[in-house]
Each structure stands twice: as C-alpha cells, then as structure tokens.
Amino acid sequence: MKTKIAVAKGDGIGPEIMAAVLRIFEAANVQLDYEYVEMGKSYFDAGHSTGMTAAAKETIERLGLLFKGPMETPKGKGVKSINVTARKVWNTYANQRDFRSLNGVDTVFSKAGISINLTIVRENIEDTYGGIEHLLTNDVAVGRRIITRPGSAQVIRYAFEMARRKGYTKLACGHKANIMKLTDGLFLETFQEIAKEYPDIESSDIIVDDLCMKLVSRPELFQAIVLTNLQGDIVSDLCAGLVGGLGFAPSANIGDNISIFEAVHGTAPDIAGKGIANPTALLLSGILMLRYLGFTTAAANIENALLYTLEQGIHTGDFGNRSTQAANTDGFADAVIANLGQLPEKGAVVAQPDMEVKANHDHPLKNKLTVTKAATTEEMVGVDVFVESNKQPNELAALAQRKQTDNFQLVMISNRGTQVWPTGSIFTELVNEYRIRFEKKDGTSITQKEILHIAADLSEDFKVCSVEFLMKFDGKIGYTLAQGQ
Ligand code: NAD
C-alpha cells in the first residue's frame, strides 16, 4: 500500500519544480500517493486570511506530512507569512538543513579541494519569530525574544538524535550567551544538560560570530550545529552559500505530529513561468522526506542519480559551467530520470534497507511542553517600569524617588540598557524612553499588588510604557543588570 502525503505546489516557480520532482519520484517507483492541497497567494487573494483553505488544513493535519513548493505571502495586507505560520501552528520545532559539496557545483571551497558536509538544526518556533513587537514611544520600538526551556529541549534533543542517526561524532551549539545572558543562556544551559545524555557525541559551544568566521574559513571543523531561530536562519543561509547557494539547500521542518519538507529558496518571481528554475533544492528536500518516511532505498537511488547528473556537468541556468548549454527544468529532471541506477564517482550514497514507513499520525493528547522544570523557590524582588520622558536622568530620579515606600527603593535608571543614574556618563546619548528600576529593601517582602502600585504612582508623572517584574528563581536573579550597573 502506498503512503499518502499532502502536496502544495506553491507559487511562482513552485508548480514547475514540484512537477519535475514528482516525475522523478514516479520514475524511481516511489510508493507515495499525493493529496493536493490549496495553499498560497491565490488563497490569500480569495480571502483566506491564513493562505489556505479549511480543507487544506484538515488534509495536512490528517496526513501529518506536507511536501510544499515555495509560497508568496502578499505584502502590505497585514497577513502573516504562510510559511512561518505553517511551521508555528503545527509545531514543527526543528528545522534541519543539510549542506554538502556537490560535484559539478563549483564554489570557492570545491575549487580549493575542501569538501563540506554539515547540518544545521534551527529552532523553528520561538525567539523573535513570535513577532511580538511594540512601539513604546513614537521613537522606540521593542521586540520580545522568547526562549523557553521545553522549546529549547525539544529541538536540542532532536539535534542529538539526528547526529546519532547520521553517524556524526560531534554537535556544536551556536549562541550569543555572552550578551543575551538569560535567553541564549537558557538555550545553552539546556544544551549542556541534554548533552550529558549523549556521551557518544562530542558536544561543544561556540559564540555565533566566531561560528560564522570559522564556517567561512574552516567549514570542515563542523558536522552539526544547533541554534536558536534567528541565528539559525542567518547561519543556515551562510552555509547555503558555502555549497553553491539556495538552489542546493533542502529543508525539513520536523514536528512530533506534522512535518513539512520544502526548499529554502522562494518563489523566484523573476523566472516564474519560464520553465528554467533549478529543481535541485526541492529534490534534495524530497530525498530528506523519503528518508524520514523510511523509503531509504529510493532516497539513495535518486540521490545517486542526482549526484551523477551534476557530475556530468548538466546544469540549469543558475549554476555550473556557463560555456555549456543550460538545461531547462524538465530537461534537468529528464537527465536525473535517465541516470537512475548510475553511481556518481564521488560521494555515492549506499542504499540502506527500507525502514518501517513512519506514520506521523499520533495526535497530542495533552500539551507536553507545559511540563517544565519548576523552581523550588521563587521570589519577587522588584520591578522595571519603562516610561516615556524627555527629562534628564537627575530630574527623572527626583520624581521617581518620591514614589519610594518603606519597602521599595529606586536603585537604577537606564536608557537603551545603559545606566544613567545614580552614575553614568554625560557622553551617553538619551532617547525618550527610560527604564526605572525599583528593588525591595533587604529583609522585606513585597507583593505583586505593591509593585503595580509603584507603576500606577509613576503614571502620575510619566506615560508608563510597560512593566516587568524582577524575579529570583532558587536564589538566582532572573533579570539582567544594566550596562555599567
Ligand atoms: P527567491 O529565493 O525567490 O529568489 C532569489 C533569487 O534566487 C532570484 O534571483 C531567483 O530567480 C533565484 N532563485 C531562487 N530559487 C531558484 C531556483 N530554484 N532556480 C533558479 N533560481 C532561483 O527570494 P525572494 O525574491 O526574496 O522571494 C520571492 C518570494 O518568495 C517572496 O514572496 C518571499 O516571501 C517568498 N519566499 C518563500 C519561501 C518559502 O516558501 N519557504 C522562502 C523564501 C521566500
């Protein structure tokens, strides 16, 4: 019996490259059946605010697997990206992107004889992709960066399991915990805890800027890297550049219930409809999907045919030897089909026996992410009140000090994260949004109500923009100090 999956052809070049890939699947006798779903630009235009029909949503949730072409989200209509929505709504928490040097795809590294084979696993739900942003004053915008312990644990555990499955011996965690001490700090701490469960995989961590430098100078140092969402987004495009560009970057969005396989590139509106797009990235994503489903023999067969085709110098217009004629999308697919059964000279994939076909259908009975690591003690120790003001720090402090109580004292005022009171530098430039920090005095205890009172009192003199509680968990402070504090 064939396994059924949902297929969305996508917009722009999507239908062209999807047709080419499915033709290759058919020629390789892949045992898949497709249920086509209605998603993409025309469904936004037809009034579906999520860019998909109710029937499409039902089909994808029933089948648990979506193979999709790139999609366009209309700009300026206030709708959210369909690609990001799909990843988030269905909790495809791990974005896996495999990058390898392909014989026939020239890069500075291939010319230098350096072979690249690495995988980026990017957290796919959290971070700044929550899209929670506010204008606090007409001049000051802030965004929330959400990193959670269970969300980090899910993707990090996936990365370790993937590393094991692929026979990798090491996994690195990329981060910026030296600056974002609590958000990236939590991601790194979770990585270090989970690493203890995988003694067979050498774990290490690396600051993301150093990682970028090393990836372009010594990419062979890495096998797999796990990162938070935004950093992972940037680093994975950098890695696509290492192996020849987005035309060679496959992507799998893995969740426990639903998974989505797609190319990293977009709809390429400049070449859409011309039949000249490169189907390789979507084909590589399809190969990832076949392996994920358990069709390992077909995956190896198609991958070897693709590698052989590239080795023969066959190319579409976006890569390869420009002095030889470029194949169009269909011509490239025909060449891969004709080469099924061939083995490339370099990097041939050994066909493994098929695994049990994976069904993605187990529906969650409860939200397992709400089970978190609780702190033994939790204490409320103060508040940061963000206010709009054009006053100088000393004037601001004088007004704020009037709101002090027996339990509560003004300890610090900062501007753009830099302390400007009680001490500061006259060279610190000020914008019209300040943070005023009150902390409880030693030996006292305070309630949430008292804290909110302080904010209400400050609203007599200022426009209060937002309020954040200062907490201690198991005696450890759960907030950062200001620069210079
Ligand atoms: P893009 O990836 O579509 O195009 C960038 C450049 O790469 C273009 O010159 C294009 O011709 C070329 N290119 C891309 N894929 C190619 C292929 N397979 N073969 C040959 N050349 C290829 O990026 P963009 O122009 O920034 O985005 C266009 C649209 O795609 C936007 O609406 C964007 O939102 C959407 N998009 C969708 C996805 C997705 O569905 N996952 C991802 C990225 C962008």
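Lys and Arg count here as positive and Asp and Glu as negative, with His and the chain ends not counted. Select these residues across the predicted model. The protein chain carries 50 positive and 58 negative side chains, and the centres of the two sets are 1 Å apart.

**Whole chain**

Zoom out to the full protein chain. Its C-alpha atoms fill a box of roughly 85 × 50 × 50 Å along the principal axes. Switch to a cartoon view: the chain contains 14 helices and 18 strands. Of its 485 residues, 48% are buried. Now show the surface, where about 22,900 Å² is exposed and carbon and sulfur atoms supply 52% of that area. For contacts between residues at least 6 apart in sequence, 77% join residues at least 24 apart.

**Nonpolar cores**

Next, select Phe25, Phe67 and Val226. In the largest nonpolar core, which has 74 residues, these three touch the most other members. Then colour helix α10, residues 280-293; ten residues of this core come from that helix, the largest share. Move on to Val387, Ala397, Leu399 and Ile446. They are among the members of a second, separate core of 23 residues.

**Threonine 309**

Select helix α11, residues 296-311, and find threonine 309 within it. Is threonine 309 buried or exposed? Its relative accessible area is 0%, so threonine 309 counts as buried. Show the residues around threonine 309, leaving aside its neighbours within four places in sequence. The contacts of threonine 309 are then Ile314, Phe332, Ala335, Val336 and Asn339.

**The cysteines**

Finish with cysteine 212 and cysteine 239, shown as sticks. How many disulfides does the structure hold? The number is zero. A disulfide is a covalent bond between the sulfur atoms of two cysteines. To count as one here, a pair of cysteine sulfur atoms must lie within 2.5 Å. Why is cysteine 212 not bonded to cysteine 239? The cysteine sulfur closest to that of cysteine 212 is in cysteine 239, and because the distance is 8.3 Å, it is too far for a bond. Start from cysteine 239 instead, and its closest cysteine sulfur is the one in cysteine 212, again at 8.3 Å and too far for a bond.

Add a surface to see how each of the two is covered. Cysteine 212 is partly exposed, with a relative accessible area of 22%, whereas cysteine 239 has 1% relative accessibility and counts as buried.

Note on methods. Residues are numbered from 1 along each chain as its sequence is written. This is a predicted model: local features need pLDDT of at least 70, side-chain atom pairs count only at pLDDT 80 or more; totals for chains, interfaces and linings use all residues. Side-chain values use heavy atoms; hydrogens and water are left out. A nonpolar core is a set of buried Ala, Val, Leu, Ile, Met, Phe, Trp, Tyr and Cys residues joined through side-chain atoms within 4.5 Å. Buried means under 20% relative accessible area, exposed over 50%, partly exposed in between (1.4 Å probe, protein chains only). Helices (H or I, at least four residues) and strands (E, at least two) are DSSP runs, numbered from the N terminus. Contact means heavy atoms within 4.5 Å. Accessible areas come from the Shrake-Rupley method with a 1.4 Å probe; for residues, only the protein chains shown count as cover. The place of a charge is taken as NZ of Lys, CZ of Arg, CG of Asp or CD of Glu.
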